[in-house]
Amino acid sequence: MTFKPYFIHGADRPSRWLVTCDHAANTVPPSVNGGDLGLPAADMERHIAYDPGAAGVSRHLAELLNGPEIETNFSRLVIDPNRGMDDPTLLMRLYDGSVIPANARADAAERDRRIAECYAPYHSALADLAARHDDTVIVSVHSFTPQLRGRPPRPWHIGILYAHDTRLADPLLKRLRAEPDLCVGENEPYGGHLPGDSIDRHAEAMGRPSVLIELRNDLITTDAQHRAWAERLAPMLQGALGDAGL
């Protein structure tokens with residue numbers, strides 16, 4: 001069976017929205033150390049290998065926005081599609097206390113091979129989808145762990161990340177903060193300004209409005225939760241786009 005590095009859902013949906021999920025899967029291609037990074041199975045189910053729950057939210061959200069969704073089919077530990085080509089964390093050797101054995105001995109040739117098999121095809125397909133409309137709006141869906149090892153608990157239910165372009169992030173943050181049951185992070189739990197990351201590459205550099213949404217992964221463990229968050233976010237995104245006059 002031929003390995004496919006990404007999946008597209010709703011390719012023919014007509015709206016200007018494009019939903020992306022960079023860390024959708026914990027899959028290791030057969031060509032990478034026989035499909036095994038050398039980590040315990042429990043580690044491959046943790047946030048270090050992918051963003052649990054993000055793909056489910058991403059798919060439902062794209063359906064509600066009537067736009068396509070693209071998601072990876074390889075673990076971020078194989079090669080991280082949300083990093084620039086010169087980022088030292090593109091191929092992680094240690095993450096949140098876990099050494100990744102198959103990466104510890106990976107050389108530049110192996111890195112380049114993984115880029116060619118996984119990273120490059122995903123970004124090429126994403127670029128093609130984004131180019132379908134002159135006014136594409138990109139929403140990138142991620143999830144974060146409630147607590148890193150040895151760090152304080154993270155209080156946020158949702159974080160909105162952005163870099164220089166705040167056209168969509170500002171009105172979306174305003175709408176989310178009006179929700180009394182939500183603890184909302186602004187550029188939390190991470191900053192939204194990594195040079196060469198997916199939003200920088202496909203949105204910021206192209207002048208496309210965008211936002212990156214981070215959901216705490218203990219809140220999106222079931223399909224019902226995936227759908228509920230998508231149903232909550234879709235009208236907020238549509239409203240924020242209107243608020244921004246975009």
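**Chat about helix α2 and a few odd backbone spots**

Me: What does the backbone do just after α2?
Reply: This is a predicted model, and in it Asn66, just after α2, takes a positive phi of about 60 degrees.

Me: And how far does α2 itself reach?
Reply: Its 12 residues, 54-65, span 16 Å from the first C-alpha to the last, close to the 16 Å expected at 1.5 Å a residue.

Me: Is that helix largely enclosed or open, and why?
Reply: Largely enclosed by the rest of the structure, because 9 of its 12 residues are buried.

Me: Which ones are buried?
Reply: Ala54, Ala55, Gly56, Val57, Ser58, His60, Leu61, Ala62 and Leu65.

Me: What covers them?
Reply: The cover includes strands β2 (17-21), β3 (69-72), β6 (137-144) and β9 (210-216), plus helix α7 (223-243).

Me: Switching topic: which peptide bond is cis?
Reply: The one from Glu188 to Pro189, with omega near 5 degrees. Pro189 sits in the loop between β8 (184-186) and α6 (198-202).

Me: What's up with phi at Asn187?
Reply: Asn187 has a positive phi of about 50 degrees, though it isn't a glycine. Its place is in the loop between β8 and α6. Most residues other than glycine have a negative phi.

Me: Is Asn187 buried or exposed?
Reply: Buried: the relative accessible area of Asn187 is 19%, and the cut-off for buried is under 20%.

Me: And Asn33, where is that?
Reply: Asn33 is in the loop between β2 and α1 (41-44). Asn33 also has a positive phi of about 50 degrees without being a glycine, and it is partly exposed at 41% relative accessible area.

Methods: Residues are numbered from 1 along each chain as its sequence is written. This is a predicted model: local features need pLDDT of at least 70, side-chain atom pairs count only at pLDDT 80 or more; totals for chains, interfaces and linings use all residues. Side-chain values use heavy atoms; hydrogens and water are left out. Helices (H or I, at least four residues) and strands (E, at least two) are DSSP runs, numbered from the N terminus. The expected span of a helix is 1.5 Å times one less than its number of residues. Buried means under 20% relative accessible area, exposed over 50%, partly exposed in between (1.4 Å probe, protein chains only). Contact means heavy atoms within 4.5 Å.
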